[in-house]
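User: Could you take a close look at a single helix and explain, step by step, how it is built and what surrounds it?

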Amino acid sequence: MDKRILAIFDSEEGYAYRLMEFMSGKKNLPFEVYVFTDGEKFYSCAQITNIECLLISESAYKQEVETLKIPHIIILSESGANLSKTLHHISKYQSCEMIFHQIMEYYTDRSETVPIALRTGLRKMKIIGIYTPVGRCLQTTFSLTLGQMLARQFKTLYLNFEVYSGFSRMLSREFRSDITDLMYYFNSAREKLVCRLESIVETVSGLDFVPPAQMIQNLNGIRGAQWLDLFHEIEKTSEYEYLILDLTDGIMDLWDVLRGCDHIYTITKGDPLAIAKVEQYEKILEDMDYGDITAKTTKWRLPVFKQLPVCFEELTYGELARYIRTQVFPELFGEDADEYKR
């Protein structure tokens with residue numbers, strides 16, 4: 001990929017370099033990031049370097065910036081003064097994550113083309129589907145814990161398909177976009193997927209996730225083949241090594257999506273009703289020629305845990321995490337499991 005240049009110009013050196021380090025840590029960033037804290041050096045470089053996008057602090061901005069023929073200029077607003085109605089403004093005083101999301105959203109919307117990175121030197125992305133016909137059995141807690149533990153070793157993406165996920169409340173965050181927006185943008189401009197994904201993805205304890213649908217009805221009409229197409233494109237244009245799907249009956253063509261997974265985990269319980277539900281589910285799969293789903297499914301009957309973390313950020317500590325390290329990892333990685341238990 002021929003990377004373009006994103007320049008950060010801010011006289012506050014600590015701030016500028018901290019923002020640069022955060023952005024440079026994004027593996028799929030379509031830019032090389034340059035930092036300038038001195039006006040003379042910036043203007044000299046801008047005359048001879050093709051800067052694609054400029055992020056400039058309000059205090060560093062001068063009218064002559066607009067004569068440099070930089071395609072995309074974003075002002076980091078400090079006082080809230082509207083320095084130029086023709087330029088895009090974002091608040092300087094927010095997290096690096098939020099600034100990054102807003103830059104990528106703006107750039108993806110405004111740019112006619114974005115650089116496309118093709119996956120190189122990485123193994124096939126493994127898709128782990130987690131689904132059970134049994135309710136209230138820690139499926140999402142299990143999924144998130146497994147995802148956060150995998151993310152310690154591998155670049156991992158988590159997608160949640162619950163009707164009511166409660167993520168915004170649990171994480172005390174308001175999400176600008178969710179998985180329905182990702183699918184919309186994928187259908188309308190798939191060549192921009194990698195940048196659009198970077199503008200939407202959030203992180204919790206090292207695990208990347210796309211915010212779940214605020215209204216599950218917005219996923220109505222999206223067929224299983226479309227989801228699998230999206231997953232294939234994520235694999236092709238990103239560096240994700242694991243994709244975790246926290247699946248429910250709210251997704252269309254659920255069985256086709258499960259069939260596209262490399263591993264499937266079904267959480268069960270030991271009571272008669274739970275056993276009956278799983279038996280019925282497996283019989284229907286067999287009757288409808290989806291028996292291959294059962295063949296690659298591992299059923300887990302979780303023990304009773306004395307205490308579970310109440311925050312998503314604490315899931316990798318405690319009994320459930322210990323259970324996954326000792327039981328699930330050996331099943332997932334076989335002889336190499338010890339390498340991933342740390």
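Analyst: What follows is a description of helix α12, its shape, its buried residues and its aromatic rings. The model is predicted, so local features are given only where pLDDT is at least 70 and side-chain atom pairs only at pLDDT 80 or more, while totals for chains, interfaces and linings use all residues. Residues are numbered from 1 along each chain as its sequence is written, and side-chain values use heavy atoms, with hydrogens and water left out.

Helix α12 covers residues 319-333, where helices are DSSP runs of H or I with at least four residues and strands are runs of E with at least two, numbered from the N terminus. From first C-alpha to last, its 15 residues reach 20 Å, close to the expected 21 Å, a span defined as 1.5 Å times one less than the number of residues. The helix nevertheless has a kink of about 35° centred on Arg325, the bend being the angle between axes fitted to the seven residues ending there and the seven starting there.

Several residues of α12 are buried, including Leu320, Ile324 and Val328 (buried means under 20% relative accessible area, with a 1.4 Å probe and protein chains only). The buried residues of α12 pack against β6, α4, β10, β11 and β12, contact meaning heavy atoms within 4.5 Å.

Phe329 and Phe333 are both buried. Because they are four residues apart in α12, about one helical turn separates them. Tyr323, also buried in α12, belongs to an aromatic cluster with Phe142, Tyr265, Trp300 and Phe305. After the helix comes Gly334, whose phi is positive, near 65°.

How values were computed
Buried < 20%, exposed > 50% of the residue type's maximum accessible area, 1.4 Å probe, protein only. Phe/Tyr/Trp six-rings, centres within 6.5 Å; stacked < 30°, edge-to-face > 60°.
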